[in-house]
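Reader: Hello! I am new to this structure and would love a close look at a single part of it. Could you pick out what deserves attention and walk me through it?

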Amino acid sequence: MKQLTIDVGGTFTDCLVMEESGELRKFKASSTPDDLARGLFDALDKAAGAHGEDLEQFLADVELIVHGTTLGINILLTGQGAQVGLITTKGFRDVIEIRRGIKNLHGSMFDQFIEPYRPLVPRRRRLGVSERTLYTGEIIEPLDEAGVRDAAKRLVDDGCEAIAIGFLHSYANSTNELRAKEIVSEIDGIYVTASHEIIPTWQEFERFSSTVVSAHIGPALTKYLTALEARLKERGFGGTLLLMLANGLVQVVDQCLDRAIYLLGSGPAAAPSAAVRIGTQHGHRDLLSFDMGGTSLDVSVIRDAEVPTTNEAWVGEERVAIKMVDVVSIGAGGGSIAWIDQLGLLRVGPMSAGADPGPAAYGQGNEPTVTDADLVLGYVPADYFLGGEIELDLDRARKALEPVGVAIGLSVDETARAIFETVNSIIADQITEVCTKQGYDVRDFALVAGGGAGGIHAAAIAERLSIPEVIVPGSSALMSAFGMFTMDLGQQYARTRFRDLERIDPGEVEQIYDEMRSEAEAAFAEIAVGEGALEFYQTVDMRYTGQFHEVEIELPSEPVSQDSLDELVRRFNEQYEKLYGYSLPEQPVEFLTFYLKVTRPRRRFELLGTSAKPGDIEQARRGTRSCLLADERVNVRVYDGDRLQPGHRILGPALIDDTTTTVFVGAGSTCQIDPHGHLVISSSLQQVATAAA
C-alpha cells in the first residue's frame, strides 16, 4: 500500500508518493485557483500515469493521504469568505474593533491619516445578549435564550452565512456558549462556531477575533473538504484523508470542520519539520527552514531541532491567536512581479502572477517575474522545466523584462540580474530580521532550502548572509509535502487558570489535565483510536507577576506535586535566562494557561540511503547552459539531478536540473550528494574555515 501527501500551493500543487519500499516519487501540477480540487486531481492523475494505472486503480492502493491547503489563508487575505455575524455578551460587541488600541497593524496608533481597521464583522452584525460568567467560572446571569434566538434571526435576515459566538470568560465555563450554539444551530444551513471551541483561553479580543476568522473561512472550507472526500471515494480511495494543521499536527476531516482556523497555513507548517528531519541527519540542530515557492517565501528559525510555535500571529489585519508553527511568510517567490515604484526604484513583490496567468515565460501572462529573470539569466532550463513538461518561452520572458529595464536604464540581461539580486536581498534582509529579533546570529545556522525556486536562490542568499552550508533535500521542490510525512495525528487542548505559586494547588492542576485527557480520549475514540495508542505532552504558560507576555514551559508527565511545581519554577527561570539573557528568581511567578498536546504517533519511515560507490559523474552531464554570472556570459556545466548518485561531488559554478526544480551551485562552492540524495552545498567560506581548522 502507498501513502501520499498533497500540498496545494499558490502556483503548483505538489504530490509526493511513498512506495511500500520507502522510495519517494514526486509530481507537480499547476494549481487551479478557481477549483483547487481540479489541480489536486491533476497531480493524482500524473502519479497514477507514472505507475501505469488509471486513477481508480492507483487510489485503491493508497492507504493514507495527508493534505495541506492554502485555501483558508487565501479566503482570509482576499476577504472572500462568508458573511459573519457575532453574538456576544451585552456591552462587549466592540471588542474586535477596539482591539488593543491598534488602529492599523502597519502604522502608528497616533497617525490620524491612516485608514482605520475594518472588522470582518461590521457593527450592525455584532449583537449583544444578556448573560454573564465571571473569570472564576461562576454564572451570575443566565443566558437570555429568547435574546439569542432573536439575534440569530436578525443576523440571518441580514445575510449572514455564519455566526460566531463569543461570551465573556467562556474559557472558565462554556455552559452559556454551548447553549447559545445549540439554539443557533436550530437554523438550517447556518455555520456556527463558539469561541471556547477555538481557543478556550483568556484574553477576549484574541479569542473573539480568532472565532470570527474561523467563522469567516469555515463554510468554504467545509464545502471544499466534504466535496473532496466524496470525490476521492467515488474514484476508489478507501483509505484515510488527514489534513495538515497550522500547529504541526494532522487530523481527520470531521474534527477540523468546526475549527477551520486551524487550517490556516496548513501547507507551510510542514516545512520546518522536514528541515529538522533532514538537517539533523547532517549534525545540524540550529536550522533555517527556507521554502521558496511560486507565490511566497516561508522562513522558520529552528533552535535545537525544535520546531518553533507561536500564538502571536496576525494574518493580514486579523489577529489569529491559535498555536501555530512559527513561520514568517513574505511575497518573494518565483512568480513575484518586478515593478518600478514612484521613486524610480526597482521593486520585487509582494504581488504575484500566481498560477493563472503565471510568469510571462509560461505563455499566458505579461508581467515580469522572478522566474522570467531566472530564465533570462540561464539558471532555469527552457526545455526541461518540470522535466520538460512545460516549455518556457524565453522571448516572451525577455519582452516582459524589457519595459522594466527601459525605466531604469538597463539592458534585458542587466535587468534580469538586478531582479535576481533584488529578490535575494529582500529575502536575506527578512531572514536577518527574523533571526536578529530573536537574538540569534544567522551565521550559526545551516540553511535547508526547499520550494520550486529555493534551489536557484538559496546558495546566493547563503553567501550574502555568510551562512556556510546549504542543504537542498532530494524532494526540495515538495518540501512541505515531504514534511507532512513526519506529522503525528493529534489535537491540542488548553485551560486558563490564573494562579501564583502561593495559591496553586497541585490537585487542581492534576484535575485540569485529567479533564483535558478525558476530552482528548473521547475525541480520539470517535475516530477509533484507543487510549493506549496516545501520547500526552504537558506544558504551561508562565510569567513573572505583572508581565504582559508568557513563556511556555514543559511539565513532566508524572502526577503533579508541590515538588514538581517548584521544579517548574526553576525551569521557568532557566528558560527565561536562556531567552532574554537574565532572570529574576526572587520575583513571584504566575501560572496562566495549561496546555495538553495529545498525539497518536504515525508509523515512522526511513529514507532509502546507499553507501555504494558512485559511478562516473559524467554519466549525469546534460551539457552546458549559457548563464550570466556577474557581468559576463559563461557556459556552465549542467547535471541531471535524477542521475546523480550519492558520493558525487560537483564544483561550482554548476546547475543541477531535476524534474521539479533546478539547483544553482555558485563559483567557489562545492555540492556533495549525500547517501539519501540530498545536496549539501558548502560555500567558499566553509571551505576556508575547514582548511584553517
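Author: Happily! This is a predicted model, and a good place to begin is aspartate 383, which counts as exposed because its relative accessibility is 55%, where exposed means over 50%. To find aspartate 383, look in the loop that runs between helix 10 (370–377) and helix 11 (394–408). Asp383 also has company on the surface: together with Glu391, Asp393 and Asp395, Asp383 belongs to a patch of negative charge.

Now let us turn to the aromatic rings. The whole structure holds 13 aromatic pairs. One of them joins tyrosine 576 and tyrosine 580, whose ring centres are 4.8 Å apart; the planes meet at 55°, so this pair is tilted. Both tyrosines sit in helix 16 (residues 562–580), and because they are 4 residues apart there, about one helical turn separates them. Their surroundings are worth a look too. Tyrosine 576 has 5% relative accessibility and therefore counts as buried, whereas tyrosine 580, at 46%, counts as partly exposed.

Tyrosine 576 also pairs with tyrosine 582, in an edge-to-face arrangement with 5.6 Å from centre to centre and 85° between the planes. With a relative accessibility of 40%, tyrosine 582 counts as partly exposed. These three tyrosines are part of a cluster linked by ring pairs, which also includes Tyr544 and Phe572.

Notes
Residues numbered from 1 in each chain as written. Predicted model: local features only at pLDDT ≥ 70, side-chain atom pairs only at ≥ 80, totals over all residues. Heavy atoms only, no water. Patch = residues over 30% accessible without salt bridge, like charges linked within 9 Å, V, L, I, M, F, W, Y side chains within 5 Å. Areas by Shrake-Rupley, 256 points an atom, 1.4 Å probe, with all protein chains shown as cover. Salt bridge = Lys/Arg side-chain N within 4 Å of Asp/Glu carboxyl O. Lys, Arg positive; Asp, Glu negative; His and termini not counted. Charge placed at Lys NZ, Arg CZ, Asp CG, Glu CD. Helix = DSSP H or I, 4+ residues; strand = E, 2+ residues; numbered from the N terminus. Buried < 20%, exposed > 50% of the residue type's maximum accessible area, 1.4 Å probe, protein only. Phe/Tyr/Trp six-rings, centres within 6.5 Å; stacked < 30°, edge-to-face > 60°.
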